[in-house]
Structures are given as structure tokens and as C-alpha cells.
Amino acid sequence: MKKILAICLSVLLICAAMPFAFATAAEDPTIVVSDVEGKAGDTVSVTVSLKDNPGIISARLKLGYDADVLELVEATNGDFAAAGYSYSTDMTTNPFVINWCLATLKANDTSELLTTLTFKIKDGAAAGEYPLTVTIVDPEDFYNLDWDTVEFGVDEGSVAVVEDAPVVPDEPTYTEPTIV
């Protein structure tokens, strides 16, 4: 009888703990590229972040864009030590390579800024939404302190080119002439 009671209590404890274990599981890490908008001739800043970092210390990815519409003019380091960054050597490389490595990075559950890319929307660019795509150079380029490969998701962004709103002239107003 004691064995049956012990088994039942063990099963009950395991069942009670299971929902808690699933509820506390961390989200998958995700590379997040922002969505921005601007007009032809504008300069826009696109952020590339790492959400729900489980302790990734090294990553290499490529960010692609429509070179007929966008011109990459600058890449700025994000939240990590400046020594850990490297980029494509030529700003016209498309897709543009973003590489960072920081052996002291710790896991966190917030979004960390990897880099900010500044694009100029080319003059004469047609209105529309232009995707910013993320590709992985090698899945083994994402790893943690234990040198384990880490799987992650991607939230790709876009640049929306908007047109200037047409200027509508003010309606003429009529005033009653004054008789003197």
C-alpha cells in the first residue's frame, strides 16, 4: 500500500511540475530587423537586434537589400564591445556581412542592439515596401560560451518608401465687400 501511495504521489508531483517547466522555458533567440519608412532622398536608420539571447557569444549574418532603391552609407556598432565587431570591407557589398564576437557576453531575456545600418533612399525611388533579408553564412557561426551551436529565428524588416502627400491649395475665401 505504501508503494502504491508513493508512486501516486510521485506521478502527481511530476504532473504538477510539468506545466511550470513549460511555462518557464525561454523563448528562442531571434534576430530582429526593424521596419522603417522614408521618402526618396531621406536617410533612414535600421536596427538589427538579438532578442532573448541565451548566451550567444559569436554570430555572423548577411543583411540583403534592394540596391536599386537603397544605398548603405554607415554601419554603427551596437551594445557590445567595439573590438568584437567586423563588417564587409566595402559598404556596397550586398548582402552586407555583420560579424560580432564577444567572449564575455552573458545570457539575457531582453533585446540587445547588434548594429544600426544607415541607408539613403535613392532619389527617384518608387513608393513601395522593400524587404531587408537576413541570411546565415554558416549555422555554426552562432554559438555560446560552451561552443555549442545555437538555433535562432529571424524577424526580417523592411524599408517603406512613401510619397510626399500632394499639396492641396487652401480654398479661396469669400469676404463680403465693405461699402464706404
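This is a short tour of a predicted model, one selection at a time.

**Start with the whole chain**

Show everything as a cartoon and follow the chain from its N terminus. You will pass one helix and twelve strands, in the order α-β-β-β-β-β-β-β-β-β-β-β-β. Now switch on the surface: the chain exposes about 11,600 Å², and carbon and sulfur atoms supply 57% of that area. Of the 180 residues, 32% count as buried. Among the contacts with a separation of 6 or more, 76% join residues 24 or more positions apart.

**Select residues 96-101**

This is strand β7. Display the side chains and look along the strand. Which of them are buried? Phe 96, Ile 98 and Trp 100 are, and they point to one face. Val 97, Asn 99 and Cys 101 point to the other face and are not buried. In a regular strand, side chains alternate between the two faces of the sheet.

**Add the partners of β7**

Next, bring in residues 56-64, which form strand β4. Strands β4 and β7 pair in the antiparallel sense over six bridges. To find your way along this pairing, look for Arg 60, which stands opposite Asn 99 in β7.

Then add residues 85-87, strand β6. How many bridges join β6 and β7? There are three, and this pairing is antiparallel. One place to zoom in is Tyr 85, whose bridge partner in β7 is Trp 100.

**Now look at the rings**

The whole structure holds four aromatic pairs. For one of them, select Tyr 65 and Phe 119: their ring centres are 5.0 Å apart and their planes stand at 65 degrees, so this pair is edge-to-face. Tyr 65 sits in the loop between β4 and β5 (70-77), while Phe 119 belongs to strand β8 (residues 111-121), so the pair ties together parts that are 54 residues apart in sequence. Both Tyr 65 and Phe 119 are buried.

For another pair, go back to β6 and pick Tyr 85 and Tyr 87. Are these rings stacked or edge-to-face? They are stacked, with 6.0 Å from centre to centre and 20 degrees between the planes. Tyr 85 has 11% relative accessibility and therefore counts as buried, the cut-off being under 20%.

**Last stop**

Keep Tyr 85 and Tyr 87 on screen and add Phe 96: ring pairs link these three residues into a cluster. You have met Phe 96 before, among the buried side chains of β7.

Technical notes
Residues are numbered from 1 along each chain as its sequence is written. This is a predicted model: local features need pLDDT of at least 70, side-chain atom pairs count only at pLDDT 80 or more; totals for chains, interfaces and linings use all residues. Side-chain values use heavy atoms; hydrogens and water are left out. Buried means under 20% relative accessible area, exposed over 50%, partly exposed in between (1.4 Å probe, protein chains only). Helices (H or I, at least four residues) and strands (E, at least two) are DSSP runs, numbered from the N terminus. Two strands pair if DSSP finds at least two bridges between them. Rings of Phe, Tyr and Trp (its six-membered ring) pair if their centres lie within 6.5 Å; planes under 30 degrees apart count as stacked, over 60 as edge-to-face and the rest as tilted. Contact means heavy atoms within 4.5 Å. Accessible areas come from the Shrake-Rupley method with a 1.4 Å probe; for residues, only the protein chains shown count as cover.
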